[in-house]
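Subject: Structure handover

Hello,

Please find the structure below, followed by notes on what was found in it.

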2 protein chains.
Amino acid sequence: MNVRQLEYLDALARERSFRRAAEECNASQPAVSIAIAKLEGELGLELIHRHRREAVLTAPGEALVRWAREALAAVRGLTEEAGRFAGVLTGRLRLGVIPTALPAVAGITKELLSAHPDIRLEIRSLTSDEIVDELASFRIDVGLTYLDNEPLGAVTPIPVYEEGYLYLTAEDLPGESVRWGDLDGGRLCLLTPDMQNRRIVEAALRRSGAEVTAVVETNSISALISYVRAGWPSIVPDAWVALYGVPEGMSAVPLVAPEMSHSVGLVTRVTDLPQPLVKAFVESLDPPRVPSSP
Amino acid sequence: MNVRQLEYLDALARERSFRRAAEECNASQPAVSIAIAKLEGELGLELIHRHRREAVLTAPGEALVRWAREALAAVRGLTEEAGRFAGVLTGRLRLGVIPTALPAVAGITKELLSAHPDIRLEIRSLTSDEIVDELASFRIDVGLTYLDNEPLGAVTPIPVYEEGYLYLTAEDLPGESVRWGDLDGGRLCLLTPDMQNRRIVEAALRRSGAEVTAVVETNSISALISYVRAGWPSIVPDAWVALYGVPEGMSAVPLVAPEMSHSVGLVTRVTDLPQPLVKAFVESLDPPRVPSSP
DNA sequence: TCCGATCGATAAGCAACGTTTATCGTTCTG
DNA sequence: CAGAACGATAAACGTTGCTTATCGATCGGA
């Protein structure tokens, strides 16, 4: 049994292709073929259906890859810990982020990167559900998501900042703020219902008795803002405005009555042996940062 | 990085000797020397103080061996799982047992062994503290210990049987039972105070206001019973009597007022990915067994 | 139905690795 | 001071894992 075999198996499970798995591991396709065949021989099991066009794991393969990932995570932990002792933290920290928190991610990770220049970051935009999944299967190390809204999996939450909500429109607004109730009857552009931010907004509107029409739904906040320019107002997280500023010709005012906010923060796997990179990341947040423009 | 290197490191940490570590891994001493040197080279760290006579881990070594054990446990899990799918559960299940529960261990594991003849058992007599330690450092897989008395570590408890207490003496006893209070002023032979059973007995005596003299203290229950023969009564767990029967010329009666019992059971590491061998063991306990003579 | 693309398995050659036995220098012990 | 035990080193050897090149099989589109 070899660590390399486990890496191949993991990549194979993820990519469903010998070629792509080999590429991901910086190896040749036969290397993966042979290594997996040898692993199957050692274990006396078929791990992969080879007759199909798509390389799909068998039931045993599916079960075993979980252990492989567990082992690989430990090996990664070992390597990171070694780097820590050698004075330089190295390795790739894989971060899953919900779309609405993406503008905040640079501010949050700034300290970590400057303190440990050898760390590489991998940022992936994921839904909150995907974050829980990928954490559990060791495909990301840390998630950045809502902490207080919907049930999380078996994760350790670390609050980072409070997300507030702004009303963004192309009109000139008279006041300093808008009440949720004022939006009643409005025609808005909102995120798609599969995104948690949309569900948060819906709940706030419902609580204040406002009914709105979602004229446009999108899962991209950039698209959202472009629709605001085109005339449909929207509700956006304040972090986005902090990053881009208020676009020319638009106004952004806080939504009040009530002034709502939701806690956004990191989630990590629960473990009694924390990954050094993750530990360094969390410690670099001290004192807790709020998102700010660069 | 190689699984074999991690095995060597683990064995080295345990044995504090290159030679013994090599022996434990069925390898030659230079194999271990070279592998560790190579690992140190890869990580850029000194893992072991070599100048001393005793090979002792450095601080980084101590930290890294924890990750190594984590990885090795996952590899073991993978192997066991593979065996499960192949139809035969194989591997060694390492069981740590408090001395007073030793007579029960055969009864508890009987089902597992007959259901899976390829499983090998390793039974080690440990104190309850050691059980928690060795579980955490992956040196045993399951513990058999008291569940309800003193704080356990981060373990999952599974009750197995209730341990009751008998008064064992070489005299003829008139009644069917003895009250704890009746022992006041007695001269007994008891286990040493570092054993949890002794602390349980002390607490029971204190509660019923009885004061006794521990004429002989021992950490071996066999020695205890030999002293009973020699004339000093004692208090023994009922499991021992169930195994050996009441020795010739002695009497054993339950201690009552109150009739006390303590829960004895298995403890396992908390994990969301249970070891197949451990899982099979726990499932083999269904329905819960009580210790019985063979 | 056939051609081309893509997939994974196989073959052959090669370099690197892990292991062994034998031996050396050092350190603790009686 | 002699002997034993320890770990490092050297040399030799078999194995492993990797590469490139190629094959047979399968799927999709004209």
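In these notes, a residue is near a DNA strand if one of its heavy atoms lies within 4 Å of that strand. Please keep in mind that this is a predicted model.

DNA strand D

By that criterion 18 residues surround DNA strand D, and the closest are Ser28(A), Lys38(A), Arg19(B), Ser33(B) and Arg50(B). Of the atoms of DNA strand D that come within 4 Å of the protein, 63% belong to sugar and phosphate. Lys38(A) places a polar side-chain atom 2.7 Å from a phosphate oxygen of DNA strand D. Phe18(B) uses its backbone instead, with a polar atom 3.1 Å from a phosphate oxygen of that strand. A base is also reached: an N or O atom in the side chain of Gln29(B) is 2.9 Å from a base nitrogen of DNA strand D. The elements that give two or more residues to this surface are helix H1 (3-15) and helix H3 (29-43) of chain A, together with helix H2 (18-24) and helix H3 (29-43) of chain B. By class, the surface near DNA strand D has six charged, five polar and seven nonpolar residues.

DNA strand C

Around DNA strand C there are 19 residues, of which Arg19(A), Ser33(A), Arg50(A), Ser28(B) and Lys38(B) come nearest. Sugar and phosphate make up 62% of the atoms of DNA strand C within 4 Å of the protein. A side-chain N or O atom of Ser28(B) is 2.6 Å from a phosphate oxygen of this strand, and a backbone N or O atom of Phe18(A) is 3.0 Å from a phosphate oxygen. The side chain of Arg19(A) has an N or O atom 2.8 Å from a base nitrogen of DNA strand C. H3(B) gives the most to the surface near DNA strand C, with four residues. That surface has eight nonpolar, five polar and six charged residues.

The two protein chains

Chain B is superposed on chain A by a rotation of 180° with 0.0 Å of shift along its axis, at an RMSD of 0.1 Å. The two copies are therefore related as by a two-fold rotation axis. In chain B, Ala71(B) has the C-alpha nearest the axis, 2.2 Å from it. The same surface serves both copies, as 100% of the contact residues of chain B recur in chain A.

Cysteines

The structure holds zero disulfides over all chains. Cys189(A) is buried, with a relative accessible area of 0%, and Cys189(B) is likewise buried at 0%.

Regards

Key. Residues numbered from 1 in each chain as written. Chains lettered and ligands numbered in written order. Predicted model: local features only at pLDDT ≥ 70, side-chain atom pairs only at ≥ 80, totals over all residues. Heavy atoms only, no water. Least-squares fit on C-alpha atoms with pLDDT ≥ 70 in both. Contact = heavy atoms within 4.5 Å. Disulfide = S-S within 2.5 Å. Buried < 20%, exposed > 50% of the residue type's maximum accessible area, 1.4 Å probe, protein only. Polar contact = N/O pair within 3.5 Å; in protein donor to acceptor, adjacent residues only side chain to side chain. Nonpolar A, V, L, I, M, F, W, Y, C, P; charged D, E, K, R; others polar.
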